[in-house]
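Q: I am new to this structure and would like a close look at its cysteines. Please start there, then follow the connections outward to the sheets, rings and core.

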Amino acid sequence: MKLKILILLIAVAVMFGWHVEAQTYDTNGDYVQTFAGSAFSGHLDGQGTQTMFANPSQVVADTSSNLFVLDGDGLLIRKITPNATVSTFAGGGTGSLPGCGTNIALGNPNVGTSGAMIIDHSNVLWLVYNNGNNDSPFVRITPNGCASLSTNFNGLSLQSGVCVDSENNIYFSTYYGNQIYCWRTSGVLELFAGSGNGGAIDGNGIFTSFNHPTALACDEANNIYVWDSGNYLIRRIDQNQNVTTITGAGTDFSSSGVDGVGTNATFNNISSMFSDNDGNIYFVCGTCIRKMDAQTNVVTMAGSFTQSGYTNGAGNLARFNGVFGADGSSGACMAQGMIFVGDSGNNRIRNITFNPQPQVVTGANLGIGTYAGVTINGVVGRTYQIQSSPDLSNWTTVATVLLTSSPYLWIDQNPISGNKFYSAVLLP
């Protein structure tokens, strides 16, 4: 009887198309930590985990590894320096555009969030702006925080994905128009791909079709990657405007899907995408971060397809609480050799390191006074290991401390006579 029941269940599973998830984790020792923000929702500047964000979404990085975060339902842009110092860069005021800094209003709190945000190679921010009307123009924000409304393109909306190529040409998708446009640095706007008809036909230029394209990414060869959300596919457009489907099964499996190679991998939702210098494309999928290499092998870096929450640690143990949404509600970027993620549901900025190793604190950030101990200039919210040695050869761990401030003063409670040297190590 048990055997008959088992056979019946298998038959039912096949008949209804039930799908068993398969998550394959990256083998590079990915490790998730909290870089900035706390469990509390708000707009508090400061350092590291002694700060507050309110639904942080898009995250981009400039050429100096400063992060810019679209925060508070798109009403503010926060800046985070490499040492995790958080400040408000633009927005939060009442002034209309053009304007500068915190005197201006970047969005209308009565009409929802602002959409996608990118940064070009001149460190200029481009924000898809919700002005409360049926159109959503670009806002251009210079490195000194001055913002102005740019050209309003027909079809640009909060669902649009945006990316920039190596020559600073800007690409954007039209969710309802089913097309991809290129706005050249010369000021010329051209239709890059898509006939406007809904579908999933590969080909060249306008002799192709998409179904609600959203998130975009550009690789080192200026290939444009498109999350074709209505088709559940990743499409690639080269600079000859050839459109090719490279991964995704074209089916909604009601969850985040399956890792695998090419069209053996499946996706349910992608809120944003970005690339690195090695030809990898990364996908932000709400509760997990996934990666596709140049051979179209898709793996999970961190998080879970089905489980949300807040957990730091190794990739398969880490948990995120991002928000799915066609407006690019969760974003990420690469900086300092790490991935930074806007974990909107947890009001935190998380980072993912690869094969993390302890980092020795340099002399410039380590001080000693007339007391037995050290002063550490480090990252608030991170853990440091303090070591001592009588001869600079044999080191012993004497304390492990969580920085609650910077500078942080640690005093040795067990001083001894004679020489005693100290060092500090930032733990992964």
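A: A residue counts as buried when its relative accessible area is under 20%, as exposed when that area is over 50%, and as partly exposed in between. That scale is needed at once. The model is a predicted one.

Start with C163. Its relative accessibility is 5%, so C163 counts as buried. C218 is buried too, with a relative accessible area of 11%. Are these two cysteines bonded or unbonded? The closest cysteine sulfur to that of C163 belongs to C218, 5.3 Å away, which is too far for a bond. Seen from C218, the closest cysteine sulfur is in C163, again at 5.3 Å and too far for a bond. The cut-off for a disulfide is a sulfur pair within 2.5 Å.

Now the bonded pair. A disulfide is a covalent bond between the sulfur atoms of two cysteines. A search of the whole structure turns up one. This disulfide links C100 with C146, and the S to S distance is 2.0 Å. The torsion about the S-S bond of C100 and C146 is about 95 degrees, so the disulfide is right-handed. C100 belongs to strand β7 (residues 99-100) and C146 to strand β11 (residues 146-149), so the bond ties together parts 46 residues apart in sequence. Both ends have some exposure. C100 is partly exposed, at a relative accessible area of 36%. C146 is partly exposed as well, at 23%.

The strands of the disulfide lead to a sheet. Strands of a sheet pair through backbone hydrogen bonds, either parallel or antiparallel. Here five strands make an open sheet in the order β7-β11-β10-β9-β8, and the pairing is antiparallel. β7 and β8 (117-119) are the edge strands, and each pairs on one side only. Inside the order, strand β9 (residues 125-128) pairs with strand β10 (residues 138-141) in the antiparallel sense, over four bridges. V128 stands opposite F138 of β10.

F138 leads on to the rings. F138 belongs to one aromatic cluster with W126, F172, Y181 and W183. Across the whole structure, a search finds 14 aromatic pairs. A pair of aromatic rings is described by the distance of the centres and the angle of the planes. F274 and Y282 are one such pair: stacked, 4.9 Å centre to centre, with 10 degrees between the planes. F274 counts as buried at 8% relative accessibility. Y282 also counts as buried, at 3%. Compare W410 and Y422. Their ring centres are 5.9 Å apart and their planes stand at 70 degrees, so this pair is edge-to-face. W410 lies in strand β35 (residues 408-411) and Y422 in strand β36 (residues 421-426), so the pair ties together parts twelve residues apart in sequence. W410 is buried, with a relative accessible area of 10%. Y422 counts as buried at 11% relative accessibility.

Some rings have a charge over them. The charged end of R78 sits over the ring of F53, 4.7 Å from the ring centre. In the same way, R290 places its charged end over the ring of F267, 4.5 Å from the centre.

W410 also leads to the core. The largest nonpolar core has 28 residues, and W410 is among those with the most contacts inside it, along with L67, I80, F340, I349, I386 and V401. Strand β36 gives the most to this core, with three residues. Look at V401 in turn. Leaving aside neighbours within four places in sequence, V401 is in contact with R382, T383, Y384, I386, Y408 and W410.

F340 opens the way to another sheet. Five strands form this open sheet, in the order β26-β1-β29-β28-β27, with antiparallel pairing. β26 (313-314) and β27 (332-335) stand at the edges with a single partner strand each, so one side of each has no neighbour in the sheet. Strand β28 (residues 338-343) runs antiparallel to strand β29 (residues 348-353), and five bridges join them. F340 has N351 as its bridge partner in β29.

To return to the start: the disulfide joins C100 to C146, whereas the sulfur of C163 is too far from that of C218 for a bond.

Key: Residues numbered from 1 in each chain as written. Predicted model: local features only at pLDDT ≥ 70, side-chain atom pairs only at ≥ 80, totals over all residues. Heavy atoms only, no water. Helix = DSSP H or I, 4+ residues; strand = E, 2+ residues; numbered from the N terminus. Buried < 20%, exposed > 50% of the residue type's maximum accessible area, 1.4 Å probe, protein only. Pairing = 2+ DSSP bridges. Phe/Tyr/Trp six-rings, centres within 6.5 Å; stacked < 30°, edge-to-face > 60°. Lys NZ or Arg CZ within 6 Å of the ring centre and 35° of its normal. Core = buried A, V, L, I, M, F, W, Y, C linked by side-chain atoms within 4.5 Å. Contact = heavy atoms within 4.5 Å.
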